[in-house]
Structures are given as structure tokens and as C-alpha cells.
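Trainee: Got a minute to go through this one with me? I'd like to start at the surface and work inwards.

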Amino acid sequence: MKLSELLKSVEVKNEYADLDAVEVTSDSRLVKDGYLFVCIKGASFDGHSVAKEMLEFGAVAVVVDHDLGIDRQIIVSDTRAAYSVICANFFGNPADKLELIGLTGTNGKTTTTFLIKQILENVGKKVGLIGTVQNMVGDEIYPAHYTTPDPHELQSLFRKMVDAKCEYCVMEVSSQALAQGRVAGIHFLIGVFTNLTQDHLDYHKTWENYFAAKRMLFENCDIALTNVDDENGLKIVDSLPCKVKTYGVKNHDSDFTARNVSFSPNGVKYELVCDRIGTVKCPIPGRFSVYNSLCAASVALILGFELEDVLGAIQKSNGVKGRIEVVPTDTDYTVIIDYAHSPDGLENIITSLKEIATGRVVTLFGCGGDRDKTKRPKMGRIAAELSDFCVVTSDNPRSEDPSAIIDDILEGMQDTTTPYKVVVNRKDAIRWAMENAEKDDIILLAGKGHETYQILPTGTIHFDEREVVSEILN
């Protein structure tokens with residue numbers, strides 16, 4: 001493909017030879033003869049530092065954000081944004097042929113995207129999905145390395161969806177992806193806001209940066225659907241040109257409202273009130289399932305699908321791996337795996353389990369290493385205040401000392417009376433919780449969710465909590 005075709009809609013500041021490129025990349029390890037290399041400055045590596053070397057490796061040109069004084073350089077103002085557009089051009093701008101639904105927020109994105117996909121498929125549509133657990137083109141599954149992939153992988157997935165005759169793509173859009181321009185140049189039919197609580201401040205540094213990153217999604221959508229029960233729900237779409245629709249449980253003036261909510265161990269039930277009224281029966285327990293299913297239903301109704309079809313699809317939904325997932329144990333206690341790894345996420349899942357528990361709620365959790373340390377005492381306090389018993393252990397300690405992370409967590413538990421046990425090794429901690437379980441206990445394994453690995457200071461190991469539970473039982 002000619003460089004001029006790849007650079008369509010990119011503002012270039014210098015003249016360049018219109019050569020042919022066979023592939024594009026921002027990964028210096030992948031460069032071969034005929035590649036276009038885009039120099040991107042990351043947290044630990046700046047592609048500009050190897051630009052000249054990439055030309056020696058066979059790159060036809062390098063895209064840079066300032067004059068490096070080298071041959072075959074293409075100067076742009078923002079290489080991240082340019083890379084997103086270049087990748088879209090390389091794959092034939094497949095997103096233009098899809099109805100895109102993007103979800104952003106701290107919690108609820110994964111479950112809600114799956115619910116939306118299931119609803120649309122139930123009415124006969126072919127749908128692609130991009131998110132934390134996995135990427136999907138119809139029924140085909142592709143591994144997910146990031147919540148929102150880098151532009152090359154993202155556009156490749158869009159291309160696969162178009163080729164497979166998908167009409168819709170529903171995707172999680174992370175704050176990092178928005179801040180890094182991974183979705184630059186992509187326009188969404190519907191942008192969805194779920195909620196906003198403390199997370200990823202290790203990357204964004206300030207709450208203001210985190211909020212501003214999330215808001216970018218709604219600057220590039222036709223319709224914004226926002227949760228008005230969240231204090232940021234209207235702020236995030238304030239003064240933007242998109243059409244705004246609202247959903248909520250507490251705010252009965254919203255466009256889509258859940259009323260007369262009831263909870264059981266088998267799910268949630270409520271009346272969905274919009275221009276009509278229908279009964280939602282969602283087989284995923286927990287208060288947040290009300291918000292997730294209400295949001296998913298609202299998206300489908302905005303798209304014009306019939307209320308009866310939407311309600312029927314939700315009733316048949318089968319949940320998501322690692323989200324309030326009940327692990328078969330054949331015991332008189334229950335083990336539940338959930339991805340909750342932020343203060344708000346932990347509060348939501350424990351509160352939801354308390355509403356359906358007939359015995360104790362035992363929360364086993366840790367906090368990630370090399371991440372926002374201010375979350376640790378907060379999560380300790382929340383777990384202690386809401387649970388009947390806590391088992392404090394490791395999550396993904398990464399390069400940090402697991403015991404030091406646990407000490408940070410325990411700071412938030414000092415003024416509470418909830419009993420707890422510290423077991424640093426997570427497998428041993430799960431074993432201890434199960435061996436000390438009482439009748440009707442709910443043991444919540446929080447933090448790992450769908451992950452099948454654990455990142456330790458010594459490296460990454462295979463760690464699937466479903467397998468761990470089964471091994472302990474056997």
C-alpha cells in the first residue's frame with residue numbers, strides 16, 4: 001500500500017517519497033523489509049530512539065513527532081493518534097462498516113458488553129465483541145491481551161468482523177486506550193458510561209486526568225447513554241453535541257428506569273420503565289446486575305429492538321467467566337469467583353452477596369503490585385466492614401514483596417472488629433478458607449476473575465482458581 005494511502009486523514013508536516021509499505025507497526029521487534037514504523041513514546045521506551053536503526057532494518061519510512069534529521073522520516077504532530085488512523089487505513093477502515101457500541105467506566109463493562117452481545121444475537125444479528133475476557137467475531141474467540149487492543153490488533157479484529165458479516169461490534173473502551181489514542185479516528189454510534197470510581201490512578205496520576213480520558217469517548221459518538229445514579233453521569237456528557245439518554249435505579253426521571261427491584265440467589269427481577277413497562281428477570285445475582293442488565297437493555301431499545309425480545313434475551317443470558325461465577329463444589333458452602341479489584345468493585349460484590357447470603361460472607365482478596373497503592377487500605381477497610389470474615393492474601397504482586405502489599409491492606413483493617421487471617425500464598429489461602437468453611441458460607445475469591453495466571457516477583461505462573469478449588473476438593 002502506498003504511504004499516501006496509509007497517511008490519508010493524517011496531517012503530515014513534511015514532504016516524503018510515496019513508497020510502498022507491506023505492513024505497519026509500532027513494535028521495533030517486528031520491523032522487516034517494507035514495513036512502515038511508527039515511533040511512539042511509552043513509559044519505558046521511546047520508539048524515536050531506534051528510528052534510524054529501523055530504517056537500517058528495512059523500514060520504508062518512519063513516522064515521528066519531531067525532526068530527527070534522518071532520511072525517510074514522516075513528521076506528524078501526534079504519532080499515537082496517527083498510528084490509529086494509519087492502522088485503520090491499512091485494514092480498509094473496517095469500523096466504518098460496523099455499528100460500534102463503546103462502553104467506558106470503572107465497573108460493569110465486561111458483563112454489560114456480553115449482555116448486549118447476547119441480546120443482539122437473540123434477535124438474529126451477528127455481533128463482534130472486544131473486551132477484557134476475550135475478543136469474539138460471532139462465535140469465534142480470540143485471546144484478549146488488553147481491555148482495548150492496540151490500534152493494529154483492534155483494526156485487524158474489525159476487519160475480521162466485517163469479513164464475517166458482523167453488523168455490530170460492542171467493545172470495552174478503557175481509559176488508558178482513550179488517553180493513548182488507540183481509538184483515535186473511530187466514531188461510535190452509542191457511547192455508554194457505567195460509573196466512575198478510583199482506579200488506574202497509577203497510570204493517570206490524577207482523578208481529573210482519569211475523568212478527562214473517559215470523557216473522550218463521548219466526544220466521538222452520536223448517542224451517549226449514561227448512568228445518572230453515578231455523580232459523574234451527567235458531568236461526563238456535559239456540553240457535548242451528542243444526543244444523551246439516561247438510565248438509573250434511584251433516579252426515576254431517567255429515560256430507562258428499574259423499579260420494584262427484588263433479589264434472590266438465582267438472580268434479580270425488576271420492572272423496566274421507559275415508554276412502556278416490562279419485567280426483567282436476569283439470572284445473574286447481585287445489585288450490580290440490575291445496572292448491567294438495565295444498561296444492556298437500554299442499548300438494545302435505543303437501537304430499536306422490541307422490548308419483548310430484549311426481555312427474553314436477558315432471561316436466557318448465561319453470565320460471564322470470572323464475574324460472580326459460582327464454582328461447582330458439591331459442598332454445604334458456596335465458592336464464588338469475581339474480578340473485583342478496586343474499592344468500589346469490592347464493595348459492590350460483597351454488598352450483593354450479603355443480600356442473598358444465609359451464612360457468612362468470607363472474602364479472600366489481595367491487591368496488585370506496581371499499581372495504585374492508595375487503594376490498598378481502602379480495600380482492606382471495605383472488606384472488613386462488609387464481610388463476616390476476611391482472608392488477606394496475594395493478588396498479582398508483580399515486582400513487589402507480597403507481604404509489604406498485605407501490610408498496606410491491613411492498615412485499613414485496624415479499626416474494624418471483623419476477624420481475619422493472613423495467608424500470603426494465594427493457593428494456600430484458598431485451601432485455608434475452604435477447610436475452615438462453615439455451613440451456608442459464601443467464600444468470595446476476589447481479584448483474579450477470568451485470569452488464569454498469577455504474576456509473582458519471580459515471574460508469571462499458571463493459576464486458574466477453578467482448577468485450584470477442584471484440586472483442593474479432590
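Trainee: Which residues make the nonpolar surface patch of about 210 Å²?

Mentor: Y420, V422 and V424 make that patch. Keep in mind that this is a predicted model.

Trainee: Where is V422 found?

Mentor: V422 is in strand β20, which covers residues 420–422. V422 counts as partly exposed, because its relative accessibility is 35%.

Trainee: And T418, where is that one found?

Mentor: T418 is in the loop between α13 (402–411) and β20.

Trainee: Is T418 buried or exposed?

Mentor: Buried. T418 has 14% relative accessibility, and the cut-off for buried is under 20%.

Trainee: What does the side chain of T418 reach?

Mentor: The backbone oxygen of A384, at 2.4 Å.

Trainee: Which residues is T418 in contact with, leaving aside neighbours within four places in sequence?

Mentor: A384, E385, S387, D388, F389 and C390.

Trainee: Let's switch to rings. How many aromatic pairs does the structure hold?

Mentor: Three aromatic pairs. One of them is F90 with F91: the ring centres are 5.1 Å apart and the planes stand at 90°, so this pair is edge-to-face. F91 is buried, at 15% relative accessible area.

Trainee: What about F389 and W432, how do their rings sit?

Mentor: Their planes are at 20° and their centres 5.7 Å apart, so F389 and W432 are stacked. F389 belongs to strand β19 (residues 389–392) and W432 to helix α14 (residues 426–435), so the pair ties together parts 43 residues apart in sequence.

Trainee: Are F389 and W432 buried or exposed?

Mentor: F389 is buried, with a relative accessible area of 14%. W432 is partly exposed, at 25%. F389 also came up earlier, as one of the contacts of T418.

Trainee: On to charges. How many salt bridges does a search of the whole structure find?

Mentor: It finds 20 salt bridges. Take R29 and D27: their closest N and O atoms are 2.9 Å apart. R29 is exposed, at 73% relative accessibility. D27 is partly exposed, with a relative accessible area of 21%.

Trainee: Which helix do D163 and R159 lie in?

Mentor: Both lie in helix α5, residues 151–163. Their side chains meet in a salt bridge, 3.2 Å from N to O. The two residues are four apart, about one turn of the helix.

Trainee: Which residue does K427 form a salt bridge with?

Mentor: E471, with the closest N and O atoms 2.7 Å apart. That pair links distant parts of the chain: K427 sits in helix α14 and E471 in helix α15 (residues 465–473), 44 residues apart. K427 is partly exposed at 26% relative accessibility, and E471 is partly exposed at 45%.

Trainee: Which residues do salt bridges with shared partners join into one network?

Mentor: R276, E306 and E308.

Trainee: New topic, G322. Where is its place?

Mentor: G322 is in the loop between α10 (307–315) and β16 (325–327). G322 is buried, with a relative accessible area of 0%.

Trainee: What does G322 touch, not counting residues up to four places away in sequence?

Mentor: I337, D338, Y339, G449, H450 and R466.

Trainee: And how many Å apart in space are G322 and L303?

Mentor: 28 Å, C-alpha to C-alpha, with their positions 19 residues apart in sequence numbering.

Trainee: Last one, backbone angles. What is phi of R72?

Mentor: Near 50°, a positive value in a residue other than glycine. R72 is in the loop between β3 (61–64) and β4 (73–75). R72 is partly exposed, at 39% relative accessible area.

Trainee: And N260, what is its phi?

Mentor: Near 55°, again a positive value in a residue other than glycine. N260 is found in strand β13, residues 256–264. N260 counts as exposed, because its relative accessibility is 61% and the cut-off for exposed is over 50%.

Note on methods:
Residues numbered from 1 in each chain as written. Predicted model: local features only at pLDDT ≥ 70, side-chain atom pairs only at ≥ 80, totals over all residues. Heavy atoms only, no water. Patch = residues over 30% accessible without salt bridge, like charges linked within 9 Å, V, L, I, M, F, W, Y side chains within 5 Å. Areas by Shrake-Rupley, 256 points an atom, 1.4 Å probe, with all protein chains shown as cover. Salt bridge = Lys/Arg side-chain N within 4 Å of Asp/Glu carboxyl O. Buried < 20%, exposed > 50% of the residue type's maximum accessible area, 1.4 Å probe, protein only. Polar contact = N/O pair within 3.5 Å; in protein donor to acceptor, adjacent residues only side chain to side chain. Contact = heavy atoms within 4.5 Å. Phe/Tyr/Trp six-rings, centres within 6.5 Å; stacked < 30°, edge-to-face > 60°.
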